[in-house]
Amino acid sequence: MRASRFFISTLKEAPSDAEIVSHQLMMRAGMIKRLGSGIYTYMPMGLKIIRKVEAIVREEMNQSGAIELLMPLIQPAELWQETGRWDKMGAELLRVKDRHGREFAFQPTAEEVITDVVRSEIKSYRQLPLNFYHIQTKFRDERRPRFGLMRGREFTMKDAYSFDRDLAGMQASYQIMYDAYVRIFNRFGLKFRAVAADNGAIGGTGSHEFHVIASTGEDALVYCPSSDYAANMEAAEALPVNPSRPAATQALSKPATPGATKCEQVAQQLGLPLAQTVKTLALTVEQEGGGKAYFMLLLRGDHELNEIKVGKVPGLSAHRFSTEQEILDVYGTVPGYLGPINTKVPVTVVADRSVANMADFVCGANEAGYHYAGANWGRDCAEPAIVADLRNVVEGDASPDGQGVLAIERGIEVGHVFQLGTAYSEAMKATFLDENGKPAPLQMGCYGIGITRILGAAIEQNYDDKGIIWPTAIAPFELVLCPMGMDRSEAVRQATETLYAEAVAAGIDVILDDRGHRPGQMFADWELIGVPHRVVIGDRGLKEGNLEYQGRRDAEASAVPVAEALAFIK
Ligand code: ATP
Ligand code: MG
Ligand code: MG
Ligand code: MG
């Protein structure tokens, strides 16, 4: 590819609504363009990456025996009514009507459609197992679309659905997908972790999420460095509470020192000093069906504010009160402990990042079925960076498998595998005839990968102050050639064209920057875009028979003989 024939559009500054690095860098590198809230055009530079991600996913899916098809974006409401998801999905499901007034869903996933395909196609156990997948646009009307491709409303997902005759078969299909995911994420060149997940709402028997490790991730992952134990925070907290550490959920009900105030009890039981270091945040949250709920949080000075997501719903519900007065009764009486809690600070109008995170937190409450209404802040709480451990699980707790102590890190959910069981097949009467000629419901599994989210996650894990650092496997280009004065120097022009032709012949995804920009701007562009390998061709080096090679992570360029330049790439 020649840069003059490609479309490159970089920006010095990111738009102000881009809150996190990956969103900022993707906007600046001209990879995406915002059309509306959570809706983006994938620009040529971004689409190139998406296609590479898709290609790896497709190859590994095919390799694992899954079969590709393509299911429609627009799906009849009747199918969704059969499983009850037409009602259950609530506002996240985008609904449209045709000219006859018939209702349709824009697919957020495709369990209903694939089950409908299979119930009419599959008659006998002899046709099983089967795993169908597609890579298709999804729409979810997220309550808070944000962070660019990370939480879009329209996005691309690979979703696969397995069908088996019995539980053992389904578990085998699940394991095949799990193994394929491990290969996929390894091929991307990303640091990731698979964690056990709760599959609550969907039902079924087992589930794992695949997370790209990044300090900016929305999810907390609990793992044991000396064993295989790994779970997301929700699943870890669902286990019986660690007896060595009283649960936050018990903090308000268990007496501590006799005669202590409620406030002192909480502090004692959470192991927090009851000094200025402990601050409080009261939240007023409007419930979906009307009415208000009141929550109290303890904030501690030595925690980063982004920790707040960790204890999100469990932390909140642990300190739920029935009236605002009750909060005042319990907390409002200790001098120096709590400021007036009736200073209303609408979260949305406060721009600073810490408060944006507060809004995220309240969003956590949303997921549990609450609307954010307004936050009442204690006097001391306008400062960022302070949240208590209201978690049942903290770093250093004993691992549930008894093999060591737990560590916590943050991750971005990029893939999810579920054992669905027969929930969908029973609801939709998707049966097959078993060996005895008796009808039985199909055992199902489903498996998603957030194709477009991968881009954001990869960047959150790999960037520096100059821009993105793509792992080679998913870089928009593997190699950029930067000639110094190709129009002035015949030697440079010739060396560049030769190297370009060689790179193309070697199957390297190369771009030749023939735009005629000055070196500074040329380098800044490619560092921002994040191409992993760069070769500079200039008269000075050529006189010595050299080119300059620099890997995107290298501090400096190094001279390499012309003949060896490509050896660095593959
Ligand atoms: P999240 O917890 O982030 O809302 P989810 O659990 O709702 O994600 P799944 O239903 O498990 O998502 O979908 C499979 C995959 O699709 C997720 O692991 C994620 O990578 C991706 N995904 C889900 N929602 C979005 C979104 N709004 N934007 C981009 N990718 C998404
Ligand atoms: Mg979701
Ligand atoms: Mg999730
Ligand atoms: Mg999920």
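How many bridges join β4 to strand β6, and do these strands run parallel or antiparallel? The first close-up of this predicted model answers that.

**View 1. β4, β6 and β5 form an open sheet of three strands.** Here you can follow the strand order β4-β6-β5, with antiparallel pairing. Three bridges join β4 to β6 (residues 103-106), and the two run antiparallel. To find your bearings, look for P76, whose bridge partner in β6 is F104. The edges of the sheet are taken by β4 (74-76) and β5 (94-97); each has a single partner strand, so one side of each is left without a neighbour in the sheet. Direction ignored, neighbouring strands in this sheet are turned by 40 degrees against each other on average.

**View 2. Five strands make an open sheet with mixed pairing.** Reading across the sheet, the order is β25-β24-β26-β27-β28. At its edges stand β25 (510-512) and β28 (558-561), each with a single partner strand, so one side of each has no neighbour in the sheet. The average turn between neighbouring strands is 30 degrees, direction ignored.

**View 3. Strands β24 and β26 pair side by side, with helix α14 lying across them.** β24 (residues 479-483) and β26 (residues 533-537) run parallel and are joined by five bridges. A handy landmark is V480, which stands opposite R534 in β26. Helix α14 (residues 490-505) lies across β24, β25 and β26, and runs at about 170 degrees to β24.

**View 4. The largest nonpolar core has 91 residues.** In soluble globular proteins, nonpolar side chains tend to be buried together. The residues with the most contacts inside this core are M26, A458, L481 and V535. Helix α6 (residues 167-188) supplies the largest share of the core, eight residues. Zoom in on V535: setting aside neighbours within four places in sequence, V535 is in contact with L479, L481, L499, L547, E548, Y549 and A565. Another core lies apart from the largest one; this second core has 14 residues, among them A197, A230, A231 and A236.

**View 5. Ligand 1 is surrounded by 14 residues.** The closest are F155, H416, G448, G450 and R453. Elements giving two or more residues to this shell are β8 (154-164), β18 (407-421), β21 (443-450) and α13 (451-461). Among these contributors, β18 gives the most, with four residues. By character, the shell divides into three nonpolar, six polar and five charged residues.

Methods
Residues are numbered from 1 along each chain as its sequence is written. Chains are lettered from A and ligands numbered from 1 in the order in which they are written. This is a predicted model: local features need pLDDT of at least 70, side-chain atom pairs count only at pLDDT 80 or more; totals for chains, interfaces and linings use all residues. A residue is near a molecule or strand if its C-beta atom, placed from the backbone, lies within 6 Å of it. Ala, Val, Leu, Ile, Met, Phe, Trp, Tyr, Cys and Pro count as nonpolar, Asp, Glu, Lys and Arg as charged, and the others, Gly among them, as polar. Two strands pair if DSSP finds at least two bridges between them. Axes are lines fitted to C-alpha atoms, for helices over the stretch in contact, and angles run from 0 to 180 degrees between N-to-C directions. Two residues are in contact if their C-beta atoms, placed from the backbone, lie within 7 Å. A nonpolar core is a set of buried Ala, Val, Leu, Ile, Met, Phe, Trp, Tyr and Cys residues joined through C-beta atoms within 7 Å. A residue is buried if 20 or more other C-beta atoms lie within 10 Å of its own, exposed if 12 or fewer, and partly exposed in between; C-beta atoms are placed from the backbone.
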